[in-house]
Amino acid sequence: MASGSFASGQHAQPPQQTHQPPQQQQQQQPYAMDMGLGYPTAAAAAAAMGEAYHTQGNMFGRLDYQPQAEGPRPPPPQRRRRQQGSNGGNASVQAAAQTPMGTMEKQQQQHMGQFGILAPTPMPVAHPHGSMPPTMGQQTLHFAPALQAGAGAGTDDAAGSSPAAHGKIGGKIVVDPPDLQAWREKLFSVDEMIVLTQDQFETYFPHVDNVYSHRSTQKYKRKPFVSHYWDCRMKGRPPGTPKTEDPTKKRRRRSARERDLCDVKIKITEYFPSAEPFQLDGSDTGAAAAAAAVAAGYHGQRFWTIQRVNGNGGNGKGDGVAGPHKHTLARSDEIKKNSVQRHVAAQDKEAKRAQPVTRRPTGAAATTAKKHGRDSANDLRLYAACHCPFSQRVWIALEAKGVAYQYCETDPHRKPPQPALLEANPKGQVPAIRQGEWACSESPVILEFLEDLDSRVPLLPSDARLKANCRFWINHINTDLLAAFYALLRNTDLPRQADLVARLQAQLDKLAQAADEHGPYFLGSMLSLVDVHIAPFAVRLRTILHPRRGWPAVAPEAGSRWARWLDALEQDAHVKATTSGDELYADTADLLIKNAVPVPL
């Protein structure tokens, strides 16, 4: 940062020529400050504040202050303009001097800031002292013009990409900026005046705007700053405060609490950049405020000051003597969330709305799921979806074998997948089981595991040849039969529908011909793994394929082997205990259609 010099209403002396790189010479910008104080006092205050900010980590560059001897003040503006005109001064200076006051006001209005004063972009003026002299006795700070883009001026790229904070002053949403907790404590306590850059204020103040409640704003016509007064939210609003009439504002339930629990009031002063003599708020801490602004490197830039102007007395009385809060920051967080917290909560809410509707088992399946709900302390957990036929396979086997388990309804379409499901199946698919630290997925594999886990109720015959025969037809179900099922389910070409119905019926008849002659199940009178594999899809013939794809309501040949088998499956106690109502399958048919087909069609 360039060094500067102090002068009392006098133009800064040109700096001595030194051998410096051209880039450093270009960055040097002269500025001067007139606070109506003796120069040793002002220089000492500035140096002290500079050291304080350097110690606190707020120093952006070292400043070397060179006090100069007092000299005669410059002539009044009118005399100076006449002298410049007689000397053939710069044309732009003369044009600025002759510009009517109304035109200047219109130019200012085109660069109105957030509160109608000045915009962050400085308004160019002809003379460094401007055309509006400062008020008599007003502390004035002459700032160098703000750096142009590309010449070392910092641009706030993050502001464009970060969402804006909604509030009286605004800001931007930065969820986790550096040293957040330390900044929150500092802005909560406000033990001394705090000077912040525009970026610092927009980043950190939205994290504490829940502590304070805006009360008033004081604007000035001829001063480039605005003062905002905020009360601690624990003070409460006075009785009879009118409610907003904004029809777009959402009404919320309010919880009544005792008033006057805290008397802390802060003043936030918003300084706009300007090439004119910079007038500080006279109620600020005089030389300290000026020195703080200069020492922190904010000349020519927009900055903010925050200070406590009223509060609880050190004797515990609300006597107007500035003092700290009567409560903690955690208590303020309990009362209201800050802008960043509300923004994150709104994002989470929108994300939940975007998630598919969570579906639960209905009918008899709901009773079974509740019986084996999350409250049951069983080591074996089943992660399943009530509309998934592959999940129902495992569910039927658990009920048939009488194995103790915990049923966990899981939505496989949720993004991101539930962590518990990912632990059981990294693919995020159902069904999946978990026993302690061990997990397994894919319904045929899980069914084989359950058969080996508990042999009290076998679902495969003990004879090796019959067992191999069952596994052969299980493979037929998982390949040829499911390929025909999904081909019909996904078909949207009406002329092909009859052929696809006939294809699926042929696969079912082929399976029925391989079953036991007397039945009614595949191996006879007892349920087997072949029945478990086909049962969920047999149920969906009536609940999904019939209304969606014209599947016959009854088997083509009443009393045929397939008709008797289908009736036995639908009436089986374990199948019925895991089957939801027809409405659920009708509502979730699109999910079954969109799911990845487990077999090539």
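# Notebook: a sheet, a bent helix and some aromatic pairs

**Entry 1, the hairpin.** I began with β13 and β14, which form a hairpin with two residues between them, and I noted that glycine 436 in the turn has a positive phi of about 65 degrees. I should write down at once that I am looking at a predicted model. β13 and β14 run antiparallel and are joined by four bridges. Looking for one bridge to follow by eye, I picked arginine 434, whose partner in β14 is alanine 439. As a reminder to myself, strands of a sheet pair through backbone hydrogen bonds, in either a parallel or an antiparallel way.

**Entry 2, the rest of the sheet.** Next I asked myself in what order the strands of this sheet lie. The sheet is open and has four strands in the order β12-β11-β13-β14, and the pairing is mixed. The edge strands, each pairing on one side only, are β12 (406-409) and β14 (438-441). I also looked up the twist, and on average neighbouring strands here are turned by 20 degrees against each other, with direction ignored. Helix α15, made of residues 443-453, packs on the sheet and touches β11, β13 and β14, while its direction makes about 130 degrees with that of β14.

On the other side of the hairpin entry, I followed β13 (residues 432-435) to strand β11 (residues 380-384), and these two strands run antiparallel with four bridges joining them. Two of the facing residues I traced were tyrosine 383, which stands opposite alanine 432 in β13, and leucine 380, which stands opposite glutamine 435 in β13.

**Entry 3, cis peptide bonds.** I then checked the loop between α14 (419-424) and β13, which is where proline 431 is placed. The peptide bond that joins valine 430 and proline 431 is cis, with omega at about 5 degrees. Another cis bond runs from glycine 519 to proline 520, where omega is near 5 degrees, and proline 520 sits in the loop between α17 and α18.

**Entry 4, helix α18.** That loop led me to α18 (residues 529-549), which has 21 residues and reaches 28 Å from its first C-alpha to its last, close to the 30 Å expected at 1.5 Å a residue. Where is the kink in α18 centred? I found it centred on leucine 541, with a bend of about 45 degrees. The helix is mostly covered, since 17 of its 21 residues are buried. Just after α18 comes glycine 550, which takes a positive phi of about 70 degrees.

**Entry 5, aromatic pairs.** I turned to the aromatic rings, for which the count comes to 15 pairs. The pair I looked at most carefully was phenylalanine 201 with tryptophan 304: the ring centres are 3.8 Å apart and the planes are at 5 degrees, which is under the 30 degrees used as the limit, so the pair is stacked. This pair links distant parts of the chain, 103 residues apart, with phenylalanine 201 in helix α8 (residues 198-204) and tryptophan 304 in strand β10 (residues 303-310). Phenylalanine 201 has a relative accessible area of 1% and is therefore buried, and tryptophan 304, at 1% relative accessibility, also counts as buried.

For contrast I looked up phenylalanine 522 and tryptophan 565, an aromatic pair that is tilted, with 5.9 Å centre to centre and 40 degrees between the planes. Here too the pair links distant parts of the chain, 43 residues apart, from phenylalanine 522 in the loop between α17 (494-514) and α18 to tryptophan 565 in helix α19 (residues 561-571). Both phenylalanine 522 and tryptophan 565 are buried. Going back to the stacked pair, I noted that Phe201 and Trp304 belong to one aromatic cluster together with Phe205 and Trp230.

**Entry 6, positive phi outside glycine.** Last, I looked at two residues that are not glycine but have a positive phi. Aspartate 179 has phi near 55 degrees and is placed in the loop between α6 (157-161) and α7 (180-189). Valine 190 has a positive phi of about 50 degrees and is found in the loop between α7 and β5 (194-197). Is each of them buried or exposed? Aspartate 179 has 58% relative accessibility, which is over 50%, so I count it as exposed. Valine 190 has 2% relative accessibility, which is under 20%, so I count it as buried.

Note on methods: Residues numbered from 1 in each chain as written. Predicted model: local features only at pLDDT ≥ 70, side-chain atom pairs only at ≥ 80, totals over all residues. Heavy atoms only, no water. Pairing = 2+ DSSP bridges. Axes fitted to C-alpha atoms, helices over the stretch in contact; angles between N-to-C directions. Contact = heavy atoms within 4.5 Å. Expected span 1.5 Å × (residues − 1). Bend = angle between axes of the 7 residues up to and from the residue. Buried < 20%, exposed > 50% of the residue type's maximum accessible area, 1.4 Å probe, protein only. Phe/Tyr/Trp six-rings, centres within 6.5 Å; stacked < 30°, edge-to-face > 60°.
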